[in-house]
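I opened this notebook to record what I looked up in one model, item by item. Each entry keeps to what can be computed from the coordinates.

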Amino acid sequence: MGAAFGAQLRARGRLVLWCPDGRSDTTRRRAEQAGLEPEALPQLGSRSDVLLSLCPPAAAEEAATQVADLGTAGAGTIYVEANAVSPSRVQRIADRVAPMPVVDAAVVGSPPVGGKSPTLYLSGPGEQADRIAELFAGTDVRTHVLGDSIGQASALKLAYSSYQKVSRVLAAVAYGAAETYGVADELLEIAARRTGSYLVETDYIPKTAARAWRWGPELEDAASLLADAGLPDSLPRAAAETLARWDDRRDESLAVSKALEALGAERDPRYPR
């Protein structure tokens, strides 16, 4: 993802630096192909107007610490935290690199190669967020500024990931169970009848709450099926535990907001709609 973003900026005539210290040969080849210029971390910090952190989430805070320890960033340099990390981690990173301004960012979509156009969501101080949006103007990276609050972009990314990635894991274990019992083709036929996504069907959330009292036990049995097939059973058990929060809403007709409230969702006043 990082090399692809860098290549987009290079195509616009921007100088893009990267730090090769401790990186693999594969990463080095990607950077070379993208036209990125290698630079040691201290010089990279002092030469950059924007420091874009786009790495595996587990390394996000370590990367920020390395930048903070250098203390060589130029005046006005913006730190863009673009990793898939929680809002609380973004705030820790912002505190760590202070007084350098931080823009919270999140990438949704595939790397911008072969005509693909991911969206870079941005949140944070308006002037800095607008500068990052302007930086990617005219590239295949679309930008969308969400607001002035650190954490909004990261919250959006992880809210989406909590469905998008977990649903793919669920698909794997579902088909694994069906294959074990010789009914995988039939499961595919059932799935083929549906083309939409539950994530856009928010009106179904209250229906789920109303049916939780009987869906929960069903998922407990689904977990037993997976365990009997030698497959991980923790996801349906966790779903059953979640449904249990709606047990006292049996067959009720709720608004989406009330269903989410019963589930335990509360709006953080720092992030107004």
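The entries below go from the whole chain to its cores, then to single residues and the cysteines.

**Ground rules.** I am working with a predicted model, in which local features need pLDDT of at least 70 and side-chain atom pairs count only at pLDDT 80 or more, while totals for chains, interfaces and linings use all residues. Residues are numbered from 1 along each chain as its sequence is written, and side-chain values use heavy atoms, with hydrogens and water left out.

**Whole chain.** I counted eleven helices and seven strands in the protein chain, taking helices (H or I, at least four residues) and strands (E, at least two) as DSSP runs numbered from the N terminus. Along the principal axes, the C-alpha atoms fill a box of roughly 60 × 45 × 35 Å. Of the 273 residues, 33% are buried, where buried means under 20% relative accessible area, exposed over 50% and partly exposed in between, with a 1.4 Å probe and protein chains only. I also looked up the contacts (heavy atoms within 4.5 Å): among those with a separation of 6 or more, 62% join residues 24 or more positions apart.

**Nonpolar cores.** I next searched for nonpolar cores, each a set of buried Ala, Val, Leu, Ile, Met, Phe, Trp, Tyr and Cys residues joined through side-chain atoms within 4.5 Å. The largest one has 21 residues, and those with the most contacts inside it are Val80, Leu120, Leu122, Ile132 and Phe136. At least two residues of this core come from each of α1 (2–11), α2 (25–34), β4 (78–81), β5 (102–108), β6 (119–123) and α6 (126–135), and α6 gives the most, with four residues. A second, separate core has 17 residues, including Leu41, Ala60, Val85 and Met100. I note as background that in soluble globular proteins nonpolar side chains tend to be buried together.

**Around β6 and α1.** Leaving aside neighbours within four places in sequence, I found leucine 122 in contact with residues including Val103, Ala105, Ile132, Val145 and Ala153. Threonine 119 lies in strand β6 and counts as buried, because its relative accessibility is 11%. Not counting residues up to four places away in sequence, threonine 119 touches Ala106, Val107, Val108, Arg142 and His144. In α1 the buried residues are Ala4, Phe5, Gly6, Gln8 and Leu9, and their cover includes β3 (50–53), β5, β6 and α6. Just after α1, glycine 13 takes a positive phi of about 85°.

**Valine 113.** I placed valine 113 in the loop between β5 and β6, and at 47% relative accessibility valine 113 counts as partly exposed. Its C-alpha is 45 Å from that of proline 217, the two residues being 104 apart in sequence.

**Cysteines.** How many disulfides does a search of the whole structure find? The search returned zero, a disulfide being a pair of cysteine sulfur atoms within 2.5 Å. Why is cysteine 19 without a bond to the closest cysteine sulfur? That sulfur, in cysteine 55, is 12 Å from the sulfur of cysteine 19, and therefore too far for a bond. I entered cysteine 19 as buried, because its relative accessible area is 19%, and cysteine 55 as partly exposed, because its relative accessible area is 26%.
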